[in-house]
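The following exercises concern the pocket, the strand pairing and the nonpolar cores of one protein model. Each task is followed by a solution in steps.

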Amino acid sequence: MQLPIQHTELLLEEIQTDGHSPLKFICDDSAIYYCKYLVSVDRKELNCLFYELVAQRILTHLQLPTPEVALIKISDGTIDNSKVSANNRLKINNICFGSKEVPFANEIQSIQAFGKSFLNSIQNIEDLIRIALFDLWIQNTDRGRDLGSGYNYNLLLKPNGKYGEIIAFDHAFAFGGVERLGMFNVKMNSYSNNLFQTPFYKAVCKHLGKRNTFKIVEDFIPLLSQ
């Protein structure tokens with residue numbers, strides 16, 4: 001399926017991260033996108049942006065919630081390099097990877113209490129097990145990373161009536177991350193910095209019970225061969 005192409009209309013902000021430092025743009029479809037470009041001369045970054053696209057397509061095929069994506073073309077008058085720091089190499093007509101904003105969604109934080117009432121409020125709580133399996137399969141090294149002060153979940157919680165929906169985002173460091181570019185092998189998996197080792201995942205497994213968790217795993221694994 002061909003990716004949509006949107007054009008920038010207004011830069012809202014540059015978000016400082018230890019990765020691509022995405023730019024938040026309003027685009028010509030009136031939606032907001034988090035746009036990633038090359039923040040250095042290291043061409044390995046291109047692979048990371050391609051990984052974002054590949055992972056999003058696989059998640060969509062597996063019917064796991066993830067933001068829509070598009071290619072974002074920088075329009076004249078919408079970028080001022082004096083007002084950005086990490087993205088000062090970005091120029092007019094450059095193409096970025098864009099992840100569409102999920103309105104009213106918030107990032108799941110490691111400081112949250114994953115109690116029974118919180119878990120009961122998530123309508124797709126079983127998807128966390130599937131996302132963890134997906135991460136192991138594609139060797140995602142950036143969901144469940146221990147930051148010392150907490151964990152990096154790269155999960156959104158989107159309100160949906162009185163319930164919430166978990167959404168997986170940010171897959172630039174899939175397939176082993178930068179350290180394993182060109183060496184991805186499903187038989188050489190790494191079990192560090194994975195979602196299944198985090199307090200959130202463990203709380204969900206306890207909440208669902210061993211039998212239900214195993215059933216989710218057994219039903220999902222055959223889909224990976226697709």
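Two strands are taken to pair if DSSP finds at least two bridges between them. The model is predicted.

**Exercise 1.** Determine how strands β9 and β10 are joined, and place them in their sheet.

*Solution.*
Step 1. Strand β9, residues 155-160, is joined to β10 by six bridges, so the pair meets the criterion of at least two bridges.
Step 2. The two strands run antiparallel, with P159 opposite G164 of β10.
Step 3. The open sheet of three strands is ordered β6-β9-β10. Its edge strands, β6 and β10 (163-168), each pair on one side only.

**Exercise 2.** Characterise the largest pocket and its lining.

*Solution.*
Step 1. The volume of the largest pocket is about 980 Å³.
Step 2. Its lining comprises 42 residues, of which K36, E107, N154, F169 and D170 are the closest to the centre.
Step 3. By class, the lining holds 15 nonpolar, 16 polar and 11 charged residues.
Step 4. At least two lining residues come from each of β3 (32-36), α1 (44-61), β5 (95-100) and β6 (106-107); β5 gives the largest share, three residues.

**Exercise 3.** Describe the largest nonpolar core and the surroundings of I166.

*Solution.*
Step 1. The core has 36 residues, and I166 is among those with the most contacts inside it.
Step 2. The largest share, seven residues, is supplied by α3.
Step 3. Beyond its neighbours within four places in sequence, I166 contacts residues including I108, L128, L155 and F200.
Step 4. Another core, of 20 residues, lies apart from this one and includes V69, A70, I72 and I79.

Definitions and conventions
Residues are numbered from 1 along each chain as its sequence is written. This is a predicted model: local features need pLDDT of at least 70, side-chain atom pairs count only at pLDDT 80 or more; totals for chains, interfaces and linings use all residues. Side-chain values use heavy atoms; hydrogens and water are left out. On a 1 Å grid over the protein atoms alone, a cavity is a set of points where a 1.4 Å probe fits but cannot get out, and a pocket is an open set with protein on both sides within 12 Å along at least five of seven lines; lining residues have an atom within 4 Å of a point. Grid points are joined across faces, edges and corners, and a volume is the space filled by probe spheres set on the points. Helices (H or I, at least four residues) and strands (E, at least two) are DSSP runs, numbered from the N terminus. Ala, Val, Leu, Ile, Met, Phe, Trp, Tyr, Cys and Pro count as nonpolar, Asp, Glu, Lys and Arg as charged, and the others, Gly among them, as polar. A nonpolar core is a set of buried Ala, Val, Leu, Ile, Met, Phe, Trp, Tyr and Cys residues joined through side-chain atoms within 4.5 Å. Buried means under 20% relative accessible area, exposed over 50%, partly exposed in between (1.4 Å probe, protein chains only). Contact means heavy atoms within 4.5 Å.
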